[in-house]
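Hi there,

Here is the structure I promised to pass on. Have a look at it first, and my notes follow underneath.

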Amino acid sequence: MNKDGDIKKCLYFSFRHIYISAKKIRKPKPWKHSEAITRAQLKQMREEFWDTAPHYGGRKEIWDALQAAAESELTLAQAIVDSAGVIVQSADLTICYDERGAKYELPKYVLSEPTNIISDS
């Protein structure tokens, strides 16, 4: 390929990266867990996920940024993912990538509460 073609290809990927990473995040749509769970059970599930997530691949600093974003209000969450260089594929943060192309999948239970949550007894 000629030099001009290489430059166009590079610009395309640069603009595409800017477009993808600039996706505005939003809360996940309401969802229902397979069975009603308590807030304590939800907290336990979240802790287990974040403790084990880095073992599935990707970079620890990206997992840490995603956890901070998941636990923040939307404006701060947006700033966190933008500053960490996270490429958001799904606006609800369920599917993201880092700049190296590693995929990060977040379950809805770390991003919001289910509609069938019950009070702790």
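Which residues in helix 3 meet which residues in helix 4? On the helix 3 side they are Ile62, Ala65, Leu66, Ala68 and Ala69, and their counterparts in helix 4 are Ala77, Ile80, Val81 and Ala84. Sorted by character, the residues of this contact come out as nine nonpolar, no polar and no charged. Please keep in mind throughout that this is a predicted model.

Now for the geometry of that pair. Helix 3 covers residues 60-70 and helix 4 covers residues 74-84. Their axes come within 8 Å and cross at roughly 165°. Angles over 145 degrees count as roughly antiparallel, and helix 3 and helix 4 therefore run roughly antiparallel to each other. The crossing of helix 3 past helix 4 is left-handed.

Stepping back to the whole chain, you will find four helices and five strands. Reading from the N terminus, the order of elements is α-β-α-α-α-β-β-β-β. The chain has 121 residues, of which 36% count as buried. As for contacts between residues at least 6 apart in sequence, 63% of them link residues at least 24 apart.

The sheet comes next. Three strands make up an open sheet, ordered 2-3-4, with antiparallel pairing. Strand 2 (87-88) and strand 4 (103-105) are its edge strands, each pairing on one side only. Strand 3, residues 95-97, pairs with strand 4 in the antiparallel sense, and three bridges connect the two. If you would like a place to start looking there, try Tyr97, whose bridge partner in strand 4 is Lys103.

One last residue deserves a look on your screen: Leu93, in the loop that lies between strand 2 and strand 3. Leu93 is not a glycine, yet its phi is positive, at about 70°. Is Leu93 buried or exposed? The cut-off for buried is under 20% relative accessible area, so Leu93, with a relative accessibility of 4%, counts as buried.

When you open the model, I would suggest beginning with the contact between helix 3 and helix 4, then moving on to the open sheet of three strands, and finishing at the loop with Leu93.

Happy viewing, and do write back with whatever catches your eye.

Best wishes

Note on methods: Residues numbered from 1 in each chain as written. Predicted model: local features only at pLDDT ≥ 70, side-chain atom pairs only at ≥ 80, totals over all residues. Heavy atoms only, no water. Axes fitted to C-alpha atoms, helices over the stretch in contact; angles between N-to-C directions. Parallel < 35°, antiparallel > 145°, perpendicular 65-115°, else oblique. Left-handed = near helix turned anticlockwise from the far one by under 90°. Contact = heavy atoms within 4.5 Å. Nonpolar A, V, L, I, M, F, W, Y, C, P; charged D, E, K, R; others polar. Pairing = 2+ DSSP bridges. Buried < 20%, exposed > 50% of the residue type's maximum accessible area, 1.4 Å probe, protein only.
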